[in-house]
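Student: I'd like to learn how to read a few features off a structure. Can we go through one together?

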Amino acid sequence: MNPPHQDPIVSLERIVSLLSGIPSFEILDPTLLQKIALLLGVEQHPEGTEIIHEDRFGDRLYLIESGVVGVYTGGPTGPLLLGKLGE
């Protein structure tokens with residue numbers, strides 16, 4: 001797995017906007033959303049990078065700011081695409 005590129009420029013307002021689009025976060029006060037956004041790190045991954053593996057414990061919440069992420073599971077003849085996620 002390639003290490004993520006850290007600290008691309010993503011505005012605080014953009015992160016708050018992404019958070020507010022998540023049902024569990026949309027009920028929160030905008031000031032609280034800003035405080036949460038300030039705690040988040042930003043990663044950028046090159047195309048083809050495995051970010052999370054289905055047999056491993058995850059320790060992060062990922063928000064997709066741009067691009068598309070494929071979701072795969074192991075199939076009898078190799079990876080099987082379950083779906084694609086975007087912003």
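Student: Which residues make the nonpolar surface patch?

Tutor: A patch is built from residues with over 30% relative accessible area and no salt bridge, joining like charges within 9 Å and nonpolar side chains (Val, Leu, Ile, Met, Phe, Trp, Tyr) within 5 Å. Here V71, L80, L82 and L85 make a nonpolar patch of about 350 Å². That area is a Shrake-Rupley value with a 1.4 Å probe, and for residues only the protein chains shown count as cover. Bear in mind that this is a predicted model, where local features need pLDDT of at least 70 and side-chain atom pairs count only at pLDDT 80 or more, while totals for chains, interfaces and linings use all residues. Residues are numbered from 1 along each chain as its sequence is written, and side-chain values use heavy atoms, with hydrogens and water left out.

Student: Which strand gives the most to the nonpolar patch?

Tutor: β4 does, with three residues. Helices (H or I, at least four residues) and strands (E, at least two) are DSSP runs numbered from the N terminus. L82 is found in strand β4.

Student: Is L82 buried or exposed?

Tutor: Buried means under 20% relative accessible area, exposed over 50%, and partly exposed in between (1.4 Å probe, protein chains only). L82 counts as exposed because its relative accessibility is 57%. Try T31 too: this residue of helix α3 (residues 30-39) is partly exposed, with a relative accessible area of 47%. The C-alpha atoms of T31 and V16 are 9.5 Å apart, with their positions 15 residues apart along the chain.

Student: On to charges. How many salt bridges does a search of the whole structure find?

Tutor: Five. A salt bridge is a side-chain nitrogen of Lys or Arg within 4 Å of a carboxyl oxygen of Asp or Glu. One of them joins R14 to E65, with the closest N and O atoms 3.0 Å apart. This pair links distant parts of the chain, as R14 is in helix α1 and E65 is in the loop between β2 and β3, 51 residues apart.

Student: What else does R14 form a salt bridge with?

Tutor: With E87, where the closest N and O atoms are 2.7 Å apart. E87 lies in the segment after β4 and R14 in helix α1, so this pair ties together parts that are 73 residues apart in sequence. R14, E65 and E87 are thus linked in a network of salt bridges. R14 is partly exposed at 21% and E65 is partly exposed at 30%, whereas E87 counts as exposed at 65%.

Student: Which residue forms a salt bridge with E43?

Tutor: R60, with the closest N and O atoms 3.5 Å apart. E43 lies in strand β2 and R60 in the loop between β2 and β3, so the pair ties together parts 17 residues apart in sequence. E43 is partly exposed at 24%, while R60 is exposed at 52%.

Student: Last one: how much space lies in the largest pocket?

Tutor: Rolling a probe the size of a water molecule over the atoms shows where empty space is left. On a 1 Å grid over the protein atoms alone, a pocket is an open set of points with protein on both sides within 12 Å along at least five of seven lines, and lining residues have an atom within 4 Å of a point. About 1600 Å³ lies in the largest pocket here. Of its 42 lining residues, H45, I51, Y62, I64 and V69 are the closest to the centre. β3 supplies the largest share of the lining, six residues.

Terms used: On a 1 Å grid over the protein atoms alone, a cavity is a set of points where a 1.4 Å probe fits but cannot get out, and a pocket is an open set with protein on both sides within 12 Å along at least five of seven lines; lining residues have an atom within 4 Å of a point. Grid points are joined across faces, edges and corners, and a volume is the space filled by probe spheres set on the points.
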